[in-house]
Amino acid sequence: MKMIYAIVQDKDANKLSNRLIDENIRATKLASTGGFLKSGNSTFIIGVEDEKVSAVKAIIKETCQTRIQYTSSPLTMDLSLETGSAAPVEVEIGGATVFVLPIESFDQF
Ligand code: 2BA
């Protein structure tokens, strides 16, 4: 059995939830925050049998898309304090960041 952690953009989270329900794959969705942009994203925790890992990754890939976001980098934010204007920085996010970990044991009591 494996534990899949998938960090996805909030805009894709409902679509992914619905797909996982349709495919009878159990998941937990956590509200999370990206360390770099400090904006909200969603982290899915999905425990699955080894043979289902590829199928789940394919669903995540199909459901989550890459987007461009504009933000102020720490450097331009520092400059903006001096000049009063911050140049936006283009950042490409996602579609999804996925980690697959082994599970030592799985119990439901
Ligand atoms: P954030 O940390 O808010 O990062 C958002 C996007 O900003 C990243 O997209 C990446 O394009 C850019 N970025 C992140 N750190 C950067 C840096 N030091 N310098 C320049 N650009 C940087 P993604 O790579 O698609 O990541 C989306 C979200 O997935 C991240 O949000 C974070 O919440 C999570 N994530 C990505 N890699 C991770 C990792 N190795 N461990 C844990 N979480 C990760």
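E23 is partly exposed in this predicted model, with a relative accessible area of 41%. Its side chain meets that of R19 in a salt bridge, at 3.6 Å from N to O. R19 also pairs with E62, and R19, E23 and E62 are linked in a network of salt bridges. Here's a run through those charged pairs, then a look at helix α1.

**The R19 network**

- R19 is partly exposed too, at a relative accessible area of 24%.
- In the R19 and E62 salt bridge, the closest N and O atoms are 2.9 Å apart.
- R19 sits in helix α1 (residues 10–22) while E62 sits in helix α2, so this pair ties together parts that are 43 residues apart in sequence.
- E62 has a relative accessibility of 54%, so E62 counts as exposed, the cut-off for that being over 50%.

**The D50 and K2 pair**

- The structure holds four salt bridges in total, and one of them joins the side chains of D50 and K2, at 3.3 Å from N to O.
- This pair links distant parts of the chain, 48 residues apart.
- D50 is in the loop between β3 (40–48) and α2 (53–63), and K2 is in strand β1 (residues 2–9).
- D50 is partly exposed, at a relative accessible area of 38%.
- K2 is likewise partly exposed, with a value of 25%.

**Helix α1: span and ending**

- α1 runs for 13 residues and reaches 19 Å from its first C-alpha to its last.
- That reach is close to the 18 Å expected at 1.5 Å a residue.
- N24 follows α1 and has a positive phi, near 60 degrees.

**Helix α1: its two sides**

- D12, A13, L16, S17 and L20 are the buried residues of α1.
- Looking down the axis of α1, you'd find those buried residues within an arc of 145 degrees, so they line one face of the helix.
- As for partners, the buried residues of α1 pack against strands β1, β2 (28–33), β3 and β4 (67–71), as well as against helix α2.
- Flip to the other side of α1 and you get exposed residues: K11, N14, I21 and D22.

**Putting α1 together**

- α1 meets α2 in two ways: its buried residues pack against α2, and R19 of α1 forms a salt bridge with E62 of α2.
- α2 isn't the whole story for R19, as the R19 side chain also meets E23 in a salt bridge.

Terms used: Residues are numbered from 1 along each chain as its sequence is written. This is a predicted model: local features need pLDDT of at least 70, side-chain atom pairs count only at pLDDT 80 or more; totals for chains, interfaces and linings use all residues. Side-chain values use heavy atoms; hydrogens and water are left out. Helices (H or I, at least four residues) and strands (E, at least two) are DSSP runs, numbered from the N terminus. Buried means under 20% relative accessible area, exposed over 50%, partly exposed in between (1.4 Å probe, protein chains only). The expected span of a helix is 1.5 Å times one less than its number of residues. The arc is that of the directions from the helix axis to the C-beta atoms. Contact means heavy atoms within 4.5 Å.
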